[in-house]
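Visitor: Please take a close look at one part of this model, beginning with the aromatic side chains and working outwards from there. What surrounds that part, and how does the chain around it fit together?

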Amino acid sequence: FSSRRRHTRLQGDWSSDVCSSDLEVQGHFARLFATMRKEWGVSYFKLDATFWGMLRGGRLHDPNATRVEAYRRGMAAIRSGAGEGAYLLGCNHPIWPSLGLIDGSRSSLDIDRNWRSVMRTGRENLLRGWQNGVLWWNDPDTLVTTGLPPQEARFHATLVHATGGAMLAGDDLAALDPIRGEVIRSLSHPTGIAASFADLSLEVGVMHLPGDVLRYAVFNWSELPQSPRVEVPAGRRMRDIWTGADMGVSTGVLELGELPAHSARLFDALPAGS
């Protein structure tokens, strides 16, 4: 959205002066995204590093516009060109100036196949869970089931589910074994409901699902095994999500036994009589 001249290829043509005025820039964005939508059949748009559109010190065609106003004009033009039914994902975008202009928001850095990345992006995603379904649809980056030790892969899958947001598979699906494939299938329909936590330890999260189902995500972020005790309403039948195992009826406090380092549990507390 700055005044820098750009060479943009659209439908095989090169235009060297598409930024001659503020309205022409907006018109170019609208035409570009309309072409991708109507002629190329694109309906999912990932817009990365959009914060560059409102960096301090940029030159604006409208000298009276604030950086937020200029950013929103550009994004509104993109939204208009993409049309109804298109999904716009904002990545590295300014938070409040993007309200009403994007459908999804990347809620963390990129995931990598190591514990440091799983832990860092995991905390980012869970701490932004409040945004999901309120501001937009959260995007915790792709789910990866390969390249991690089994307990860390399970931790990551549990965490992606606990965000309540979008789930995109980051593995070669054709090469996955049945167990990893089943994990992806089980997460392919996000709940839309993020887990809530009592404190910033982010150790025990609860999702209030339809049908009075309480879904618990329990995380061990530490380097040592832990033996978590989870308060669960008494009389509820407990069921492990990943294994389907019956965990008995809650007496009010659930003893999960030893939870290895970098691992997680995911289970439902079903209403009495379920």
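**Aromatic pairs and their surroundings**

Guide: With ring centres required to lie within 6.5 Å, the count comes to 10 aromatic pairs. One of them joins phenylalanine 197 and phenylalanine 219: the ring centres are 6.5 Å apart and the planes meet at 35°, so this pair is classed as tilted. The pair links distant parts of the chain, since phenylalanine 197 belongs to strand E7 (residues 196-197) and phenylalanine 219 to strand E9 (residues 213-220), 22 residues apart. Phenylalanine 197 and phenylalanine 219 are both buried. The model is predicted, and the values here are computed from it.

The two phenylalanines also belong to a cluster: Trp115, Phe155, Phe197, Phe219 and Trp221 form one aromatic group. Tryptophan 221 has a charged group over its ring as well, with arginine 123 lying over the face at 5.6 Å from the ring centre.

Strand E9, which carries phenylalanine 219, is the element to follow from here. Eight of its eight residues are buried, so E9 is largely enclosed by the rest of the structure. In a regular strand the side chains alternate between the two faces of the sheet. In E9 both faces are covered, with Val213, Arg215, Ala217 and Phe219 buried on one side and Leu214, Tyr216, Val218 and Asn220 buried on the other.

E9 has a partner strand on each side. Strand E8 (residues 204-209) pairs with E9 in the antiparallel sense over six bridges, and in that pairing valine 204 stands opposite valine 218. E8 and E9 form a hairpin with three residues between the strands, where glycine 211 takes a positive phi near 80°. The other partner is strand E14 (residues 263-270), which runs antiparallel to E9 and is joined to it by seven bridges. Here asparagine 220 of E9 stands opposite serine 263.

These strands are part of an open sheet of six, with antiparallel pairing and the order E7-E8-E9-E14-E11-E12. E7 and strand E12 (246-249) stand at the edges with a single partner strand each, so one side of each has no neighbour in the sheet. Phenylalanine 197 therefore sits in an edge strand, E7. At the E12 end, strand E11 (residues 237-240) pairs with E12 in the antiparallel sense over three bridges, and methionine 238 stands opposite glycine 248.

Helix H4 (150-163) comes next, with Phe155 among its buried residues and also in the aromatic cluster. 11 of the 14 residues of H4 are buried, so the helix is largely enclosed by the rest of the structure. Besides Phe155, they include Glu152, His156, Leu159, Val160 and His161. What covers the buried residues of H4 includes three strands of the sheet, E8, E9 and E14, together with helix H3 (115-127) and helix H5 (178-186). From first C-alpha to last, H4 reaches 20 Å, close to the 20 Å expected at 1.5 Å a residue. Just after the helix, glycine 164 takes a positive phi of about 75°.

On the other side of H4 in sequence, the loop between strand E6 (137-139) and H4 holds aspartate 141. Its relative accessibility is 12%; buried means under 20%, so aspartate 141 counts as buried. The side chain of aspartate 141 reaches the backbone nitrogen of isoleucine 111 at 2.7 Å. Leaving out residues up to four places away in sequence, aspartate 141 touches Arg106, Ser108, Leu109, Asp110 and Ile111.

Helix H2 (residues 67-82) can be checked in the way used for H4. Its 16 residues should span 22 Å at 1.5 Å a residue, and the end C-alpha atoms are 23 Å apart, which agrees. Buried residues of H2 include Tyr71, Met75, Ile78 and Arg79. Glycine 83, just after H2, takes a positive phi of about 80°.

As for the setting, the protein has five helices and 14 strands. Buried residues make up 46% of its 274 residues. Of the contacts with a separation of 6 or more, 63% are between residues 24 or more positions apart. The C-alpha atoms fill a box of roughly 70 × 40 × 35 Å along the principal axes.

Definitions and conventions: Residues numbered from 1 in each chain as written. Heavy atoms only, no water. Helix = DSSP H or I, 4+ residues; strand = E, 2+ residues; numbered from the N terminus. Expected span 1.5 Å × (residues − 1). Buried < 20%, exposed > 50% of the residue type's maximum accessible area, 1.4 Å probe, protein only. Polar contact = N/O pair within 3.5 Å; in protein donor to acceptor, adjacent residues only side chain to side chain. Contact = heavy atoms within 4.5 Å. Phe/Tyr/Trp six-rings, centres within 6.5 Å; stacked < 30°, edge-to-face > 60°. Lys NZ or Arg CZ within 6 Å of the ring centre and 35° of its normal. Pairing = 2+ DSSP bridges.
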